[in-house]
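Welcome to this tour. Please open your viewer and get ready to select residues as we go from stop to stop.

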Amino acid sequence: MHELGIVIQIVRQLEAYMSEHDIQRIDTVVLEIGELSSVFPKYIEDVYPIAVEKTRLKDTKLQIDILPGIGKCQACSFVYNLVENQNQCPRCMSNAFSVITGREFMIKQIVVFD
Ligand SMILES: [Zn+2]
């Protein structure tokens, strides 16, 4: 499970950001995770409390926004949901596609107390 390492990195980034911008407390951290990324949102939620323990982000809430895995068929250019169609174009049945969205993993937003 590599999620703990990933979350610890995110926490470090956020702490650096807080120092730079003189932010005392963050209310909510919003992460964006693509359905096709190698990161499992459930694991991120599980390890988050461990990663923020003893940091300035201790009482921060975590919100995860899931981005669907969308691909474009290389044969007929049809755009479709890769997960729902198991990577197969529903129009021409080709398995050749390029990913449009779904591999993202990033800090989307930080909600700060007034
Ligand atoms: Zn197609």
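Which residues does Ala75 touch, not counting residues up to four places away in sequence? Select Ala75 and look around: its contacts are Cys92, Ser94 and Ala96, where contact means heavy atoms within 4.5 Å.

Before moving on, a word on what you are looking at. This is a predicted model, in which local features need pLDDT of at least 70 and side-chain atom pairs count only at pLDDT 80 or more, while totals for chains, interfaces and linings use all residues. Residues are numbered from 1 along each chain as its sequence is written, and side-chain values use heavy atoms, with hydrogens and water left out.

**Stop 1: around Ala75**

Ala75 sits in the loop between strand 3 (70–73) and strand 4. Helices and strands here are DSSP runs (H or I of at least four residues for a helix, E of at least two for a strand), numbered from the N terminus. With a relative accessibility of 56%, Ala75 counts as exposed. The scale is this: buried means under 20% relative accessible area, exposed over 50%, and partly exposed in between, using a 1.4 Å probe and protein chains only. Now add Glu35 to your selection: it is 40 residues from Ala75 in sequence, and their C-alpha atoms are 23 Å apart.

**Stop 2: the zinc ion**

Select the zinc ion next. Which atoms coordinate the zinc ion? They are the SG atoms of Cys73, Cys76, Cys89 and Cys92, at 2.3 Å. Donors are N, O and S atoms within 2.8 Å of the metal (3.2 Å for Na, K and Ca); water is not among the atoms, so sites may look incomplete. Along the sequence, the donor residues follow the spacing C-x2-C-x12-C-x2-C.

Why is the arrangement called tetrahedral? The four donor atoms subtend angles of 104 to 114 degrees around the zinc ion, and four donors count as tetrahedral if all angles lie between 85 and 135 degrees. For comparison, the ideal angle for four tetrahedral donors is 109.5 degrees. Colour two of the cysteines by accessibility: Cys73 is buried at 2%, whereas Cys76 is partly exposed at 24%.

**Stop 3: a loop with two positive phi angles**

Move to the loop between strand 4 (79–81) and strand 5 (97–101), where you will find Asn87. Asn87 is not a glycine, yet its phi is positive, about 65 degrees. Its relative accessibility of 33% makes Asn87 partly exposed. Met93 is in the loop between strand 4 and strand 5 too, and has a positive phi of about 70 degrees although it is not a glycine. Met93 is partly exposed, at 49%.

**Stop 4: helix 1**

Now select residues 3–20, which form helix 1. Its 18 residues reach 26 Å from the first C-alpha to the last, close to the 26 Å expected at 1.5 Å a residue; the expected span is 1.5 Å times one less than the number of residues. Show the side chains of Glu3, Ile6, Val7, Ile10, Val11, Leu14 and Met18, the buried residues of helix 1. They cover an arc of only 140 degrees around the axis, which puts them on the same side of helix 1; the arc is that of the directions from the helix axis to the C-beta atoms. An α-helix has 3.6 residues a turn, so residues three or four places apart point the same way.

Turn to the other side of helix 1 for the exposed Gln9, Arg12 and Glu20. The cover over the buried residues includes strand 1, helix 2 and strand 6. Just after helix 1, Asp22 has a positive phi of about 55 degrees.

**Stop 5: helix 2 and a ring pair**

Select residues 41–52 for helix 2, whose end C-alpha atoms are 16 Å apart, in agreement with the span expected for twelve residues. Which residues of helix 2 are buried? They are Ile44, Val47, Tyr48, Ala51 and Val52. Facing away from that buried side are the exposed Lys42 and Ile50.

Finally, show the rings of Phe40 and Tyr43: their centres are 5.4 Å apart and their planes at 65 degrees, so the pair is edge-to-face. Rings of Phe, Tyr and Trp (its six-membered ring) pair if their centres lie within 6.5 Å; planes under 30 degrees apart count as stacked, over 60 as edge-to-face and the rest as tilted. Phe40 is exposed at 52%, while Tyr43 is partly exposed at 36%.

Terms used. Tetrahedral: all angles 85-135°; square planar, octahedral: opposite > 155°, others 65-115°.
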